[in-house]
Amino acid sequence: GIRHHLFPAASALLQVDGRGHAMTMKLVFLYGGPAAGKYTVARALAARTGFPLFHNHLVVDAVHAVFPFGSESFVRLREQFWMDVFAAAAAERRSLIFTFQPEGTVAADFPARAAELYRSACAGGTVLFVHLKVSRATQARRIANEDRAAFGKMRDAALLHSLQDQFEACERAMPAADLVVDTDVTPAEDAAAMIAGLLLG
């Protein structure tokens with residue numbers, strides 16, 4: 001179809017060595033507020049590129065099963081888990097898609113440190129920061145969607161409203177985005193195609 005002529009297939013993005021590992025390492029750091037579509041876009045991007053998806057709730061839900069959200073042990077183990085996965089992926093020269101919601105319990109410098117770890121561990125490795133933007137009105141419509149129940153995602157509209165100022169401040173403190181996508185008007189497949197095109201740039 002037209003889409004496949006305009007945008008690269010997965011094989012076009014992957015340069016592999018004899019062990020099947022990508023030679024040009026890329027970390028796609030996909031971030032945004034609740035209900036911005038991070039997981040949906042990331043899955044579409046993973047299907048398009050073949051990159052593994054390391055999404056936010058894999059770690060958050062695992063640690064939260066034992067420790068209260070925001071507690072000292074939760075914060076320490078969550079970041080340790082994230083950084084250990086980045087370090088191991090970089091050591092094995094594996095590209096990766098990571099989804100992340102900036103919020104107040106995460107160290108402000110975590111994204112920059114994660115990017116530096118990946119760049120320094122992978123000679124020639126690159127990090128792509130992608131900001132998925134969503135309006136408050138769209139967040140309010142999406143926040144209680146049934147598909148958000150699959151993981152421990154926020155589904156309380158009142159809680160979201162009380163934290164939106166903090167979340168948006170944390171988003172503004174992120175490293176400069178290489179790409180900003182308005183998910184109010186951009187379908188997930190189109191967003192994934194835009195990111196894949198930038199990966200080839």
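I looked up E92 first and noted that, at 38% relative accessibility, E92 counts as partly exposed (buried is under 20% relative accessible area, exposed over 50%, partly exposed in between, with a 1.4 Å probe and protein chains only). The side chain of E92 meets that of R94 in a salt bridge at 2.9 Å, N to O (a side-chain nitrogen of Lys or Arg within 4 Å of a carboxyl oxygen of Asp or Glu), and R94 is partly exposed too, with a relative accessible area of 38%.

I kept in mind that this is a predicted model, in which local features need pLDDT of at least 70 and side-chain atom pairs count only at pLDDT 80 or more, while totals for chains, interfaces and linings use all residues. Residues are numbered from 1 along each chain as its sequence is written, and side-chain values use heavy atoms, with hydrogens and water left out.

I searched the whole structure for salt bridges and found six. One of them joins D165 and R136 (2.7 Å, N to O); D165 lies in helix α8 (residues 157-172) and R136 in helix α7 (residues 136-142), so the pair ties together parts 29 residues apart in sequence (helices are DSSP runs of H or I, at least four residues, and strands are runs of E, at least two, numbered from the N terminus). R136 also forms a salt bridge with E168, the closest N and O atoms being 2.8 Å apart.

I then turned to α5, whose buried residues include F74, W82 and F86; the buried residues cover an arc of only 145° around the axis, which puts them on the same side of α5 (the arc is that of the directions from the helix axis to the C-beta atoms).
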